[in-house]
Amino acid sequence: NAAELDWNRNYEAQTQPAGGADTGPPLKDDPAYAKYFKMLSVGLPPPVVQNAMTRDGIDPKILDLDPEKSVASQLKPDAKKTPIKKKKKVRRKKIYWTPIDPGQLKDDSLWSIVKGKMSMKKLKYDVKE
């Protein structure tokens, strides 16, 4: 409203949004974040989208911002430059062994001690690994 403006201050400074000039595209249309807002629009739960953002190295707090305003107008200048570290992928090492004949086991070996006490049928393992 023009009647509420202070005549001693700059007009543009008084009419700009609180976070500064909104010069960028809306958050939902920003190429860096559009993918995640589309995931929300098709019905994925927010925790799933936040997990995808974390996996891709993007701060999931972006989803809490107003999607109609640009990122630059909503974030502090130093907040944009803080990257999220990607989690290291854990690679499992395959273990191979050759079975030995039970007749070759010595009496003091570990296998002869547990022989008959453990059922290998209950052991769950992944054949592909």
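# Exercises: two helices side by side

Of the 129 residues of the protein chain, 14% count as buried. The model you are looking at is predicted. Let's work through it together.

## Exercise 1: The overall make-up

Find how many helices and strands the protein chain has, and the order of its elements.

**Solution.** Start by counting: the protein chain holds 5 helices and 0 strands. Next, read from the N terminus on, and the elements run α-α-α-α-α. Finally, look at the contacts between residues at least 6 apart in sequence: 53% of them join residues at least 24 apart.

## Exercise 2: How two helices pack

Work out whether H2 is roughly parallel or roughly antiparallel to H3.

**Solution.** First, locate the pair: helix H2 covers residues 34-41, and helix H3 covers residues 46-55. Their axes lie 9 Å apart, and the packing angle is about 160°. Angles over 145 degrees count as roughly antiparallel. Therefore H2 is roughly antiparallel to H3. As for handedness, H2 passes H3 in a right-handed crossing.

Now see which residues meet. From H2 come Tyr36, Met39 and Leu40, and they meet Pro46, Val49, Ala52 and Met53 of H3. Sorted by class, this contact of H2 with H3 has 7 nonpolar residues, no polar ones and no charged ones.

## Exercise 3: The two sides of H2

Decide which residues of H2 are buried and why they line one face of the helix.

**Solution.** Begin with the buried residues of H2: Tyr36, Phe37 and Met39. Looking down the axis of H2, you find these buried residues within an arc of 150°, so they line one face of the helix. Turn to the other side of H2, where Lys38 and Ser41 are exposed. What covers the buried residues of H2? The cover includes H3. To finish, look just past the helix: H2 is followed by glycine 43, which has a positive phi, near 105°.

## Exercise 4: The two sides of H3

Repeat the analysis for H3: which residues are buried, and which are exposed on the other side?

**Solution.** The buried residues in H3 are Val49, Ala52 and Met53. Down the axis of H3, its buried residues fall within an arc of 100°, so they too line one face of their helix. A handy rule helps here: an α-helix has 3.6 residues a turn, so residues three or four places apart point the same way. On the other side of H3, you will find Pro47, Asn51 and Arg55 exposed. The cover over the buried residues of H3 includes H2. After H3 comes glycine 57, with a positive phi near 80°.

Definitions and conventions. Residues numbered from 1 in each chain as written. Predicted model: local features only at pLDDT ≥ 70, side-chain atom pairs only at ≥ 80, totals over all residues. Heavy atoms only, no water. Axes fitted to C-alpha atoms, helices over the stretch in contact; angles between N-to-C directions. Helix = DSSP H or I, 4+ residues; strand = E, 2+ residues; numbered from the N terminus. Parallel < 35°, antiparallel > 145°, perpendicular 65-115°, else oblique. Left-handed = near helix turned anticlockwise from the far one by under 90°. Contact = heavy atoms within 4.5 Å. Nonpolar A, V, L, I, M, F, W, Y, C, P; charged D, E, K, R; others polar. Buried < 20%, exposed > 50% of the residue type's maximum accessible area, 1.4 Å probe, protein only. Arc of directions from axis to C-beta.
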